[in-house]
Amino acid sequence: MMRGLATVVLALAITATFVVAADPNCQIINEYGCYVDTLQPRTLPQKADNANSWTECAANCYNIGFTGTAGTENGEECWCSNNNGAVGAPSSNPSECNKPCPDDPSRNCGGESLLNEFSFQCQSSQKYYNCDQGLCVEDPNGPWTDPNCAGTCTGPSPPSPPPPSTSTEAPPSSSTEAPPSKSKKLSGGSILLIIFFCGLAIPYFLFGALFMKFQKNASGRELIPNVDFWVSIPSLVGDGFRITFNKIRGGGGRYSSL
């Protein structure tokens, strides 16, 4: 069983990858004022991570797929919607939206069951790239953030942009806009690896070392719990590869009898 667990840990460590989403750049477009949060149902339906300012709340909503009206409540709560314009009923006493935003005291972040509502626009600051006919080109759906595509494209480097024109003529306007870059989220393998290391591996080694130190008076590498097992992992993995290779070749490799 311990050999199987070691194999799973090694496989997770090899295959899991981390992708960090870049923070979007957000700006507030309209300020709608103080509105009542009806609670059942909520005036703005989706709660995002708590925020210390309107722009942070806008970024939190954008990162979970909401681009409509947002609102801050009770000093730090952040609520999102895809509605256009103010949502719900305005407060009969707007002065009760009196909780200052921690990172922006010039604005209030709602009150008790009261929302400061606003609209916003965000744009991701992260660019992505992909190989196209041997060239590394910008692609919002590309897998790389490296402008050189990690050296995987086999064609020549993209040509340098032309120098600025000295002509006084205005350049022709373009009616097309580049598609917005999309934020990448953590993969399932990444989440599983985080849970394993933070929830199992780190506490296992930390508390195991403390137990060996104060209960067994161990020192040096003996502080590692089950040190003989962990030292034997490389040879166990090597045995597994050799047996697999022999099976593929038809050699019928197996463990030696005790």
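A search of the whole structure, which is a predicted model, identifies seven disulfides. Three of these cross-links, C26–C122, C34–C97 and C131–C153, are described here in turn.

The sulfur atoms of C26 and C122 lie 1.9 Å apart. The torsion about this S-S bond is about 110°, so the disulfide is right-handed. C26 belongs to strand β1 (residues 24-36) and C122 to strand β7 (residues 114-124), so the bond ties together parts of the chain that are 96 residues apart in sequence. Both cysteines fall below the 20% limit of relative accessible area that defines a buried residue: C26 is buried at 19%, and C122 is buried at 17%.

Strand β1 also contributes C34 to a cross-link, with C97 as the partner. In this disulfide the sulfur atoms are separated by 2.0 Å, and the angle of 75° about the S-S bond makes the link right-handed. C97 is placed in the loop between β4 (77-80) and β5 (100-101), and the pair therefore ties together parts that are 63 residues apart in sequence. C34 is buried, its relative accessible area being 8%; C97 likewise counts as buried, with 4% relative accessibility.

The disulfide between C131 and C153 has an S to S distance of 1.9 Å. Its S-S torsion is about -100°, so the bond is left-handed. The pair links distant parts of the chain, with C131 in strand β8 (residues 129-132) and C153 in the loop between β9 (135-138) and α3, 22 residues apart. C131 is partly exposed, with a relative accessible area of 31%, whereas C153 counts as buried at 16% relative accessibility.

Helix α2 (residues 54-63) is largely enclosed by the rest of the structure, because seven of its ten residues are buried. The buried positions are W54, C57, A58, A59, N60, C61 and Y62. Just after α2, G65 adopts a positive phi of about 95°.

Two of the buried residues of this helix, W54 and C57, are among the contacts of T72. T72 is located in strand β3 (residues 70-73) and is itself buried, with 0% relative accessibility. A polar contact of 3.5 Å joins the side chain of T72 to the side chain of W54. When neighbours within four places in sequence are left aside, the residues in contact with T72 further include S53 and E77. The contacts of T72 also comprise N108, C109 and G110, together with L114, L115, N116 and F118. Of these, L114 falls within the span of strand β7 (residues 114-124), the strand that holds C122.

A contrasting environment is found in helix α3 (residues 188-214), where F214 is located. F214 is exposed, with a relative accessible area of 60%, a value over the 50% required for that class. On the surface, F214 forms a nonpolar patch with I202, L206, F207 and L210. The accessible area of the patch residues together is about 550 Å². An α-helix has 3.6 residues a turn, so residues three or four places apart point the same way. The patch on helix α3 thus includes I202, L206, L210 and F214 at such a spacing.

How values were computed
Residues numbered from 1 in each chain as written. Predicted model: local features only at pLDDT ≥ 70, side-chain atom pairs only at ≥ 80, totals over all residues. Heavy atoms only, no water. Patch = residues over 30% accessible without salt bridge, like charges linked within 9 Å, V, L, I, M, F, W, Y side chains within 5 Å. Areas by Shrake-Rupley, 256 points an atom, 1.4 Å probe, with all protein chains shown as cover. Salt bridge = Lys/Arg side-chain N within 4 Å of Asp/Glu carboxyl O. Helix = DSSP H or I, 4+ residues; strand = E, 2+ residues; numbered from the N terminus. Buried < 20%, exposed > 50% of the residue type's maximum accessible area, 1.4 Å probe, protein only. Disulfide = S-S within 2.5 Å. Polar contact = N/O pair within 3.5 Å; in protein donor to acceptor, adjacent residues only side chain to side chain. Contact = heavy atoms within 4.5 Å.
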